[in-house]
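Colleague: I have the model open and would like to go through a few of the labels with you. Could you show me how each one follows from its value?

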Amino acid sequence: MSRKAPEQDIDESALSTHHPKDHAAGVKAVMVSLRRGWEQMGAGRTMLTLPLLNQRSGFDCPGCAWPDPQEADGDKRSPAEFCENGAKAVAEEATTRRVDAEFFAKHSVEELAGMSDYWLGQQGRLTQPMIKRSGDTHYRPIDWDAALDVVADGLRALDHPDEAAFYTSGRTSNEAAFLYQLLVRSFGTNNLPDCSNMCHESSGSALTETIGIGKGSVSLADVEHADLVMVVGQNPGTNHPRMLSTLEKVKGHGGQIIAVNPLPEAGLMRFKNPQNVRGVVGKGTALCDEFAQIRIGGDLALFKALTALLAKAEQDAPGTVLDREFIEQHTHGFDEFYAQATDIDWDATLKATALSREQIEKIARMLIESERTVICWAMGLTQQKKAVPTIREAVNLLLMRGMIGKPGAGVCPVRGHSNVQGDRTMGIWEKMPEKFMDAMEAEFGIPMPRKHGYDTVDALHAMQAGEVKAFFAVGGNFVSATPDTAGTERALRGCDLTVQVSTKLNRSHAVAGDTALILPTLGRTEKDVQESGPQFVTVEDSMSVVHASRGRLSPVSGTLLSEVAIVSRLGRKLLGDGHPVRWEAFEKDYDAVREHIAAVVPGCTDYNEKVRRPDGFVLPHPPRDSRTFTTTTGKANFTVNEAEPLEVPEGRLLLQTLRSHDQYNTTIYGLSDRYRGIEDARRVVMVNEKDIAALGFAEGDLVDMVSEWPGKPGPDGESTVEERRAEAFRIVAYPTARDCAAAYYPEANPLVPLGAVAEKSNTPVSKAVLIRLERSAG
């Protein structure tokens, strides 16, 4: 039975608020999970699907990349190894709602473009290939063979392969990602922008420079057994709720947790684990020992103050704070770092962080007393202008104490998508190392392009300049994931060809090039049967564990193809039957793909055998495994980082964009941000009640948010301000840090111009947007 999608779009006037929650999960989370499953899938399908989620014989969650318990570490998996938002993700993918040819005949592309991300996503699963040809107002059905001919012809018609950009989402499997980058590079370009460019690129840049590898250095067991876990710029209660079970274990053995965030997120305060008695009928587990409610953009100043306090403590009691043996044997640049480490301007630090000196000193003491420290972070750090130096300074803090390559200690960038890390491992990057390219050439006997390609921001610049004329996306919702919404839409509509490989309808389908195709694909939950029999795919979690994922549900339509099949068939169409790569073999049997992965990708020897183990295998991580650092110096690098506190002029606020509890990335599950107490609306801006009064507003006022960025110099060289407007947001009083505000993306994305990016990583600055509020005319 097909369950009905919403007929109407969001009624923002229905906004209601209640007091924010002081805990996450509990029985309510279980009930919401089951209700959403029932609404989308029905009771039977819900009970069939959820028990398979994150199980060894089941499928990997389409949501976050938090790792599963490992038998080798003595941890057994729960029969319910999923969270509320993971259940929502499965319900959205396994929904019985359908978007078919009749739907597209009813709704024009222009009409779809006027609907919200929520409405579009709730319509259901795509069932057959669709095309909008030049001049068409609606998408129309097309068969697979003809659709791929259109794509291949459009790509071959380009003057150069660099006139195409090939985007990838983190939901792509390792097998599909490997074949996709092989196809793109066989075509002749490295234009491989991906979702990492917009989230953890800052982490990769900072970690590669400092420890030699752009991945976290900890295992799940390391986090569980840490004495101290710092959770910075992160909201695990919504974005990766299974992390709360790990933090509960930290508390169980006496470990401490420090939360650093501009908002008091419920999931960092208390966890009511619905799988134990205390979480069902008791108060749950208090998680946060110290909540540092930092001002947006103050993280670098905080880390520099902490490194200074540790350096001063070492000077006062030599040999008691720093791990001198580790520093001497395994690090480089310590003397230069240490020479400036004790310099601290307390006035500037307190202004930048909005924390008290007493609290900062208390956190420093906690770091000194801890023998095993883990620092976790997410987009709250990575999407700032100073994101890379901020993360480098966090690494300095750990290096001072020898907390890399030590059990129970290390860096933990928490990835927000199920296989975003695996995509990068498989070669989805616009500037892969030369060794990888050499291995590709040796394996396939074809030349690989060596000129670096476009990342996401650069690809958008190139589209806007008319230098990229074809856009191909495997997964994701590019329009709603990127900044500068209006500019992104103009860029895509200006392309000759746009292609979206998708499971569900989203806004990117409504922002179409001159010719546009929608290619529907199997979901993570669905059976994938090819000529050689049932197939499985593999993914990599946030902690470098690679494991298998097997769909169990019958596909929603007999016309769907897997991502592997789509890429393989396009490879034959685009490159011809005479191409050295035997594309047809990959679609028949995914083991053939994995044999090539084993030959090309470092750490993947015997890949087919290893991924068939119950828990898969862990990729090598030299800093973690042997304190080997493959940096330019051959050691872990201390760095010198300069803090530049953000100035907030009178009458202005610093805005961060974030998810509601009812969304995952750009997928909007519903309209209930339950933990924050905001219901039935999304165009809201959360502001401290004291700031609301100081700015002359009242809670509930309708305002426009106007962002202010440094513009191009004027005719006489004078400074100018570039402004962007997002209209009709309702003010909600919320206990944010003073001078700060928060709003949901993608609704707030128009406020961020393409030129506003983090230093070195080129990641959009969505967590530190200077805004003013103006009364709305709407």
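Modeller: Happily. This is a predicted model, so let us begin with a burial label: Phe-103 has a relative accessibility of 9%.

Colleague: Why does Phe-103 count as buried?

Modeller: Buried means under 20% relative accessible area, and Phe-103 is at 9%, so the label applies. Phe-104 is buried as well, because its relative accessible area is 1%.

Colleague: What makes the pair of Phe-103 and Phe-104 edge-to-face?

Modeller: Two values decide that. The ring centres are 5.5 Å apart, and rings pair if their centres lie within 6.5 Å. The planes stand at 90° to each other, and planes over 60 degrees apart count as edge-to-face, so that is the name the pair gets. The structure holds 17 aromatic pairs. Ring pairs also link Phe-103 and Phe-104 with Trp-119 and Tyr-139 in a cluster.

Colleague: How do you know that H14 is roughly perpendicular to H16?

Modeller: The axes of helix H14 (residues 299-316) and helix H16 (residues 334-341) cross at roughly 95°. Angles of 65 to 115 degrees count as roughly perpendicular, so H14 earns that description relative to H16. The two axes come within 9 Å.

Colleague: Which residues of H14 and H16 meet there?

Modeller: From H14 they are Lys-304, Thr-307, Ala-308, Ala-311, Glu-314 and Gln-315, and from H16 Phe-337, Tyr-338, Gln-340 and Ala-341. By class, the contact has five nonpolar, three polar and two charged residues.

Colleague: Tyr-338 is one of those residues in H16. Which residue lies over the face of its ring?

Modeller: Arg-324 does, at 5.6 Å from the ring centre of Tyr-338. The distance cut-off for a charge over a ring is within 6 Å, and 5.6 Å meets it. In another such case, the charged end of Lys-610 sits over the ring of Phe-617, 5.1 Å from the centre.

Colleague: Now Ala-164, in strand S7 (residues 164-168). Is Ala-164 buried or exposed?

Modeller: Ala-164 is buried, because its relative accessibility is 0% and the label needs a value under 20%.

Colleague: Beyond its neighbours within four places in sequence, which residues does Ala-164 contact?

Modeller: Leu-155, Leu-158, Phe-187, Thr-189, Asn-191, Val-468 and Ala-470. Take Asn-191: it is 27 residues from Ala-164 in sequence, yet the C-alpha to C-alpha distance is 7.1 Å.

Conventions: Residues numbered from 1 in each chain as written. Predicted model: local features only at pLDDT ≥ 70, side-chain atom pairs only at ≥ 80, totals over all residues. Heavy atoms only, no water. Axes fitted to C-alpha atoms, helices over the stretch in contact; angles between N-to-C directions. Helix = DSSP H or I, 4+ residues; strand = E, 2+ residues; numbered from the N terminus. Parallel < 35°, antiparallel > 145°, perpendicular 65-115°, else oblique. Contact = heavy atoms within 4.5 Å. Nonpolar A, V, L, I, M, F, W, Y, C, P; charged D, E, K, R; others polar. Phe/Tyr/Trp six-rings, centres within 6.5 Å; stacked < 30°, edge-to-face > 60°. Buried < 20%, exposed > 50% of the residue type's maximum accessible area, 1.4 Å probe, protein only. Lys NZ or Arg CZ within 6 Å of the ring centre and 35° of its normal.
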